[in-house]
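Q: I am new to this structure and would like a close look at a single part of it, the open and enclosed spaces inside the protein. Please take me through them slowly, with the residues and elements that surround them.

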Amino acid sequence: MLRPARQRDGAPRPVVLVLCACVLVAQAMVAAVNLLVPQLAASSLHPAPGELLWAVDAYVIVFAALLIPAGAVGDRYGRKGALLVGLGLFAAGGALSALAGSSAVLIAGRGVCGAGAALIMPATMSVLVHLSPPERRGRALATWTLSAGLGGLAGNVGGGLAGEYLTWRALFWAVVPLGALLALLVARTVPRTPARADAAVDPLGALLLAGALFAVVYGIIEGPSFGWASARVLTAFGAGAGLLAVFTGYALRAARPLLDPRIFASRRLRAGTLGIGAAFFGLFALFFVNAQYLQYAKGFSPALTGLAIVPLTVGMALVPRLGARLQERTGPRPLVGAGLALIGGGLLLVSTADARTPYPLYACYLLVLSVGTGLCAPALTLTVVAELPAHQAGLGSGLNTAAREIGAALGVAVVGTVLASRFHGDPRDPAQIAAFTGAMGMALRTVALVLLVAAAAVVAGYRGGARGGAENAVRPRDAAAAGRGAS
């Protein structure tokens with residue numbers, strides 16, 4: 001078995017490629033199923049509307065709810081082991097989904113896939129952090145961010161191709177050999193990172209926090225369908241707030257909590273977390289309306305729709321490494337501000353599109369969003385990871401990815417709600433295309449406004465010293481725990 005040592009220039013290239021492939025595949029499944037909804041609705045499973053929604057959302061809800069506990073598990077027991085278990089669950093969930101004879105089994109399979117992805121994402125990031133010296137971590141995280149962004153685009157392309165030429169079962173079957181191949185590559189190339197017996201897993205804290213995140217993400221996703229004032233959604237938000245309050249009180253008293261709430265005394269950590277959520281709030285709002293616009297207003301096929309979003313890869317592929325080098329000279333604040341402003345500006349440009357907009361011009365709008373994402377996402381990710389001690393890299397990467405998923409769910413919820421409130425027709429009717437694109441424009445302008453307000457708060461949070469209160473909040477307790485271990 002290969003055991004590449006930590007190198008001065010960062011992680012060995014084969015390790016980086018394998019880890020990034022894991023990220024890409026896990027992230028792709030977030031988007032791929034959206035393009036198969038018509039096929040699932042007409043399938044032999046005969047899903048009810050609510051079951052169809054759960055078949056799409058079970059992955060995201062379980063994924064987001066388990067990210068922080070899964071990151072802590074990797075810190076405690078070893079990130080390579082967590083990654084291998086995650087890939088195994090991911091492949092098993094794909095097989096269960098592909099074999100599903102009922103909607104309930106499909107939903108269960110999607111949930112198992114989401115649990116696997118929750119182990120994969122933090123483990124990959126924390127291994128990269130561990131293998132990269134401090135001066136190279138920005139570039140390593142830029143590569144990780146690129147992989148996550150490309151995963152969303154690969155999901156759109158793969159889902160579109162499967163929707164046009166294959167079946168929904170073929171997409172899920174593809175997960176099985178992919179998961180097995182990646183597990184084999186991880187076993188052979190990725191080195192083991194030190195397990196920390198003193199890292200907190202905290203089962204009760206993990207249960208409380210996972211329950212809180214589950215309830216909040218569930219409420220966000222169900223809000224557009226059932227109404228924000230419905231009993232179901234209000235109950236979900238109330239349960240989430242209650243569980244979060246109980247978790248906070250418990251964590252403040254616990255000797256070794258899963259997540260010490262005092263880390264948020266760091267203004268930069270708060271800004272980084274908000275910034276990640278805001279960036280993906282805007283990006284996934286676009287993903288939600290993009291497929292509808294291209295298919296209904298432009299008349300693209302599902303496969304062509306998946307390919308038409310490829311311009312978003314350009315900035316995500318070329319800009320992150322440049323942004324990482326610039327950050328070493330300027331610090332993160334200018335990049336974060338410029339990147340979030342470009343995402344907001346790109347959304348405003350897309351909001352002007354209608355059926356007469358030439359696709360090359362629309363592609364240029366996507367390019368603006370792409371450059372903005374490539375500029376700010378690595379800097380924001382590095383902020384969150386750097387504000388936690390090195391031995392909590394898994395927890396930091398779980399927090400980072402949880403912020404992404406919650407922001408993405410909020411973006412879809414907000415754009416979907418505004419779109420539904422302003423358009424009540426059938427976008428497949430050519431006579432109603434103008435009304436649809438008008439409502440889409442209003443929805444995207446709303447998202448852009450919210451994002452730009454959040455961007456101002458994020459930039460303000462980057463004022464001051466390089467580090468905030470996170471070290472002061474966490475490290476004394478770590479030192480005390482180390483002292484108890486030494487005694």
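A: What follows goes from the overall make-up to the pockets, then to the cavities, and ends with a few single residues.

The model is a predicted one, and in it the protein has 17 helices and 0 strands. Of its 487 residues, 57% count as buried. Among the contacts between residues at least 6 apart in sequence, 85% join residues that are at least 24 apart, and this is useful to keep in mind when reading the lists of lining residues below.

The largest pocket has a volume of about 1600 Å³. It is lined by 44 residues, of which Asn34, Val37, Phe288, Gln292 and Val412 are the closest to its centre. Several helices take part in this lining, with at least two residues each from α1 (13-32), α2 (37-41), α3 (49-77), α6 (137-165), α8 (203-226), α10 (267-297) and α15 (393-422). The helix that gives the most is α15, which supplies 10 residues. When the lining of the largest pocket is divided by class, 28 of its residues are nonpolar, 12 are polar and 4 are charged.

The second largest pocket has a volume of about 570 Å³. Its lining is made of 25 residues, and those closest to the centre are Leu213, Thr273, Ala402, Ala403 and Ile406. At least two residues each come from α8, α9 (231-253), α10, α15 and α16 (433-461). Here too α15 has the largest share, with 6 residues. By class, the lining of the second largest pocket has 20 nonpolar and 5 polar residues, while charged residues are absent from it. Read together, the two lists of helices show that α8, α10 and α15 each supply at least two residues to the lining of both pockets.

Besides these pockets, the structure holds 2 cavities of 30 Å³ or more. The largest cavity has a volume of about 50 Å³. The residues that line this cavity are Thr145, Leu146, Gly149, Phe280, Met316, Pro320, Thr373, Gly374 and Ala377. Two or more of them are given by each of α6, α12 (312-330) and α14 (359-386). The lining of the largest cavity divides into 5 nonpolar and 4 polar residues, with no charged ones.

The second largest cavity holds about 40 Å³ of space. Around this second cavity are Leu40, Leu45, Pro47, Glu51, Leu52, Ala55, Ser103, Leu106 and Ile107, and the elements that give two or more residues to the lining are α3 and α5 (103-131). By class, the lining of the second largest cavity has 7 nonpolar residues, 1 polar residue and 1 charged residue.

Some single residues help to fill in the picture around these spaces. Ala408 lies in helix α15, the helix that gives the most residues to the lining of the largest pocket. Ala408 counts as buried because its relative accessibility is 5%, which is under the 20% that sets the limit for a buried residue. Leaving aside the neighbours within four places in sequence, Ala408 is in contact with Phe280, Phe281 and Phe284, and Phe280 is also one of the residues that line the largest cavity. Ala408 and Gly277 are 131 residues apart in sequence, yet their C-alpha atoms are 7.2 Å apart in space.

Ser351 has its place in the loop between α13 (332-350) and α14. With a relative accessible area of 6%, Ser351 is buried as well. A polar atom of the side chain of Ser351 lies 2.5 Å from the backbone oxygen of Leu348. Apart from neighbours within four places in sequence, Ser351 is in contact with Gly441, Leu444 and Arg445.

Finally, the cysteines deserve a word. A disulfide is a covalent bond between the sulfur atoms of two cysteines, and the structure holds 0 disulfides. Cys20 is accordingly in no disulfide, and the nearest cysteine sulfur, which belongs to Cys22, is 9.1 Å away. Cys20 is buried, with a relative accessible area of 10%, and Cys376, at 0% relative accessibility, also counts as buried.

Notes. Residues numbered from 1 in each chain as written. Predicted model: local features only at pLDDT ≥ 70, side-chain atom pairs only at ≥ 80, totals over all residues. Heavy atoms only, no water. 1 Å grid on protein atoms, 1.4 Å probe; cavity = no way out; pocket = protein on both sides within 12 Å on 5 of 7 lines; lining within 4 Å. Points joined across faces, edges and corners; volume = space filled by probe spheres on them. Helix = DSSP H or I, 4+ residues; strand = E, 2+ residues; numbered from the N terminus. Nonpolar A, V, L, I, M, F, W, Y, C, P; charged D, E, K, R; others polar. Buried < 20%, exposed > 50% of the residue type's maximum accessible area, 1.4 Å probe, protein only. Contact = heavy atoms within 4.5 Å. Polar contact = N/O pair within 3.5 Å; in protein donor to acceptor, adjacent residues only side chain to side chain. Disulfide = S-S within 2.5 Å.
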